[in-house]
Amino acid sequence: MNRIDQGSVAWRSVVFLACMVIILAAIKAAGDILVPFLLALFLAIICNPMVLLLMKAKLPRWLAIFSVMAIVIMLSVWLGSLVGVSITDFRSQLPMYKEQLTEQLQPLAEYLSQFNIHLSTSELKEQFDPSRIMGLATDILSSLGGLLANTLLIVLAMVFMLFEASGISRKLHFALDDPQMRLQQIDRFLESVNRYLAIKTLVSFATGIVVGVGLYIIGVDYFLLWALVAFLFNYIPNIGSIIAAVPAVALAFLQFGVGGAAATGAVYVGSNMFMGNVVEPRLMGRTLGLSTLVVFLSLIFWGWLLGSVGMLLSVPLTMIVKIALESSEDGRWLAVLLEGEPQIVSQPMQGEALASIDKDPK
């Protein structure tokens, strides 16, 4: 019997892995359709609390939805124009930035020569090309801008999702054969996803404001663009803030030298440490963090599967998977593996029992 059970488990595992490969291949092939849908779902979850807030103010649901959608469309147009103007202006200022780079690298070359490290300014300029400063940021933003071709699809999907949001819980209960609404983990899953994305959006928005104000005070060019990048990349904890800080710190180095770069880096480090370690855990009530390895692997996995948008949504998607696993008894162990270092909770009862054993006369 044991051999039969082991064989059936092995066969189920093989079938499960084969199904996963087929599903991933289908997702990869349907990326052009799935990416706008995921982005619409992501935005709909974020916008749903605003719709509910307007409905509490006695607005009809349809008017609340269209009011929120009007705000979203205006913000999208403004952000698109901001990115386009910033990239165009940067390209026009590129010769000036190259001259500033030469001035900043000359003292560095002289300093390295004191340690018998002889590097010419031209060699350093090849490694620190100003045209690469916006490379990573513009790649992500340009890929998001490429979705503007599907703007109508995204907007319509968001509108229908927001209209259907009120009944999604009941539909899930019926789909899982629970018409009596007894499976409370379904409601906990939906509530946790909404709460996580809402709080993460608020924290990311506050991070973008702090970064934008700090860079404006320092005098870094395109501070609004860097604030937008900080807002978007804050959805990727641990490494997202580092990626967002690189172009801004490099540009500050071109403008003001080492001091300006250090001040810019301090703005990013201070804002992310305060928001990530103080504000976010306090708002969420408990840490929902993933381990650094899981964050890195999810970034690679979702980026490979869904492109740049998958990289941006990698942690929210992984968090949704983790919350779903936490909501089921069978998958809770896998959710624990996705978390960071578990906290060891002391067990006083065991300590008291051991003490009573030691005191017990024999």
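Trainee: In which helix is the place of Thr201?

Mentor: This is a predicted model, and its helices are numbered from the N terminus. The stretch that holds Thr201 covers residues 184–218, and that stretch is helix α9.

Trainee: Is Thr201 buried or exposed?

Mentor: Leaving aside residues up to four places away in sequence, Thr201 touches Ile46, Phe231 and Tyr235. Its relative accessible area is 12%, and the cut-off for a buried residue is under 20%. Thr201 is therefore buried.

Trainee: Which residue has its backbone oxygen 2.7 Å from a polar atom of the side chain of Thr201?

Mentor: The side chain of Thr201 offers a polar atom, and the partner atom at 2.7 Å is a backbone oxygen. That oxygen belongs to Leu197.

Trainee: How do the axes of helix α13 and helix α15 stand to each other, and at roughly what angle do they cross?

Mentor: Two packed helices are described by the angle between their axes and the distance between the axes. Here α13 spans residues 292–306 and α15 spans residues 314–326, and their axes come within 9 Å, crossing at roughly 105 degrees. Because angles of 65 to 115 degrees fall in that class, α13 is roughly perpendicular to α15.

Trainee: Which residues of α15 meet α13, and how many residues of the contact are nonpolar?

Mentor: From α13 come Val294, Val295, Ser298, Leu299, Trp302 and Leu306, and these meet Ser314, Val315, Leu317 and Thr318 of α15. Divided by character, the residues of this contact include no charged ones and three polar ones, while the nonpolar ones number seven.

Trainee: Which side chain makes a polar contact with the side chain of Thr318?

Mentor: Thr318 is found in helix α15 and, at 8% relative accessibility, counts as buried. Its side chain reaches the backbone oxygen of Ser314 at 2.7 Å. The side-chain partner, at 3.1 Å, is Trp302.

Trainee: How many residues of helix α10 are buried?

Mentor: Helix α10 runs over residues 223–233 and is mostly covered. Among its buried residues are Leu225, Trp226, Leu228 and Phe233. Of the 11 residues in the helix, the number buried is eight.

Trainee: What is the count of disulfides, and how accessible are Cys19 and Cys47?

Mentor: Cys19 counts as partly exposed, at 38% relative accessibility, whereas Cys47 is buried, with a relative accessible area of 5%. A disulfide would need a pair of cysteine sulfur atoms within 2.5 Å, and by this rule the count of disulfides is zero.

Definitions and conventions:
Residues numbered from 1 in each chain as written. Predicted model: local features only at pLDDT ≥ 70, side-chain atom pairs only at ≥ 80, totals over all residues. Heavy atoms only, no water. Axes fitted to C-alpha atoms, helices over the stretch in contact; angles between N-to-C directions. Helix = DSSP H or I, 4+ residues; strand = E, 2+ residues; numbered from the N terminus. Parallel < 35°, antiparallel > 145°, perpendicular 65-115°, else oblique. Contact = heavy atoms within 4.5 Å. Nonpolar A, V, L, I, M, F, W, Y, C, P; charged D, E, K, R; others polar. Buried < 20%, exposed > 50% of the residue type's maximum accessible area, 1.4 Å probe, protein only. Polar contact = N/O pair within 3.5 Å; in protein donor to acceptor, adjacent residues only side chain to side chain.
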